[in-house]
Amino acid sequence: MQQANQGTQPNFSRQPTAAQQPLTITDKVKSSIRQLITSLPHHPDNPAGHAAYNAQVSQWNAKWGESTRVSHETGYPLKPGTAAIASSECFACGTHGHNGRNCTLPVNHIERLSRKEAAWRAIVSKVLGTFNRATAMPISLVLNQFTQPASAWIEEVVEFSEGKEEGSA
Ligand SMILES: [Zn+2]
C-alpha cells in the first residue's frame, strides 16, 4: 500500500532498517540539493524530453546502481510532464491539488512516479521548502475514471489537451 513518508508511523515495517534516516538539514545539504536540481533539468513532455529523461535515468542507474536509495547526494531525474519539484506537488503522481495520502491514482498505476522520484521530491520539499510553488505551472491529475474536486489550483490550469479554448480575457 501507500508509503507513509511523513511523521512517525511504525506500523509500516516492510523496509530495511536504513529507511528514512533523519536528515540533518545543513547548508551543505541544501547546496548539494540545489546543485542536483540544476544538474538534473526537468525535461518537457515531448519526444525529445522523454528521450533526454530516459538518458538521465540510464546515467543515474550507471552512476549509482539501480538499487541505490535516493538521497540528498544522489538526486533523481524528474519525469516529463509532471509538476515542478518542490511546488506542493503530490509525491505519488507529480500533480497538484492533493498529496500522497489522498492521491486517487491507484498504487500500481503507470502514471505513478517511481519510488525513487517520489523520494527525491520529498527530500527536496522537506529541505528547501516548496520554493517553486508560486511559479510552478499547475498540473492537475486527469484520469478518465476519476473526477478531481475543483480547487483553486485547477482554475488556473493551462490545458495541454486538445480543445484549446481562448480564455475570457
Ligand atoms: Zn497524486
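Donors are the N, O and S atoms within 2.8 Å of the metal. With that criterion in mind, the tour of this predicted model opens at the metal site.

Select the zinc ion. Along the sequence, its donor residues follow the spacing C-x2-C-x4-H-x4-C. Display the side chains of Cys90, Cys93, His98 and Cys103: the coordinating atoms are SG of each of the three cysteines and NE2 of His98, at 2.0 to 2.3 Å. The angles that the four donor atoms subtend around the zinc ion run from 103 to 113°, so the arrangement is tetrahedral. Ideal angles for four tetrahedral donors are 109.5 degrees. Colour the site by accessibility next; cysteine 90 and cysteine 93 are both buried.

Now select glycine 94 and isoleucine 139. Their C-alpha atoms are 8.0 Å apart, although 45 residues separate the two along the chain. Isoleucine 139 belongs to the loop that runs between helix H3 (115-128) and helix H4 (152-155). Its relative accessibility is 12%, and because buried means under 20%, isoleucine 139 counts as buried.

From this loop, move back to H3. The end C-alpha atoms of this helix lie 20 Å apart, which agrees with the 20 Å expected for 14 residues at 1.5 Å a residue. Eleven of the 14 residues are buried, leaving H3 mostly covered; among them are Trp120, Ile123, Val124, Val127 and Leu128. To see part of what covers the buried residues, show helix H1 (27-39) and helix H2 (47-64).

Finish at glycine 129, which follows H3 and has a positive phi, near 80°.

Methods:
Residues are numbered from 1 along each chain as its sequence is written. This is a predicted model: local features need pLDDT of at least 70, side-chain atom pairs count only at pLDDT 80 or more; totals for chains, interfaces and linings use all residues. Side-chain values use heavy atoms; hydrogens and water are left out. Donors are N, O and S atoms within 2.8 Å of the metal (3.2 Å for Na, K and Ca); water is not among the atoms, so sites may look incomplete. Four donors count as tetrahedral if all angles lie between 85 and 135 degrees; four count as square planar and six as octahedral if opposite donors are over 155 degrees apart and all others between 65 and 115; anything else is irregular. Buried means under 20% relative accessible area, exposed over 50%, partly exposed in between (1.4 Å probe, protein chains only). Helices (H or I, at least four residues) and strands (E, at least two) are DSSP runs, numbered from the N terminus. The expected span of a helix is 1.5 Å times one less than its number of residues. Contact means heavy atoms within 4.5 Å.
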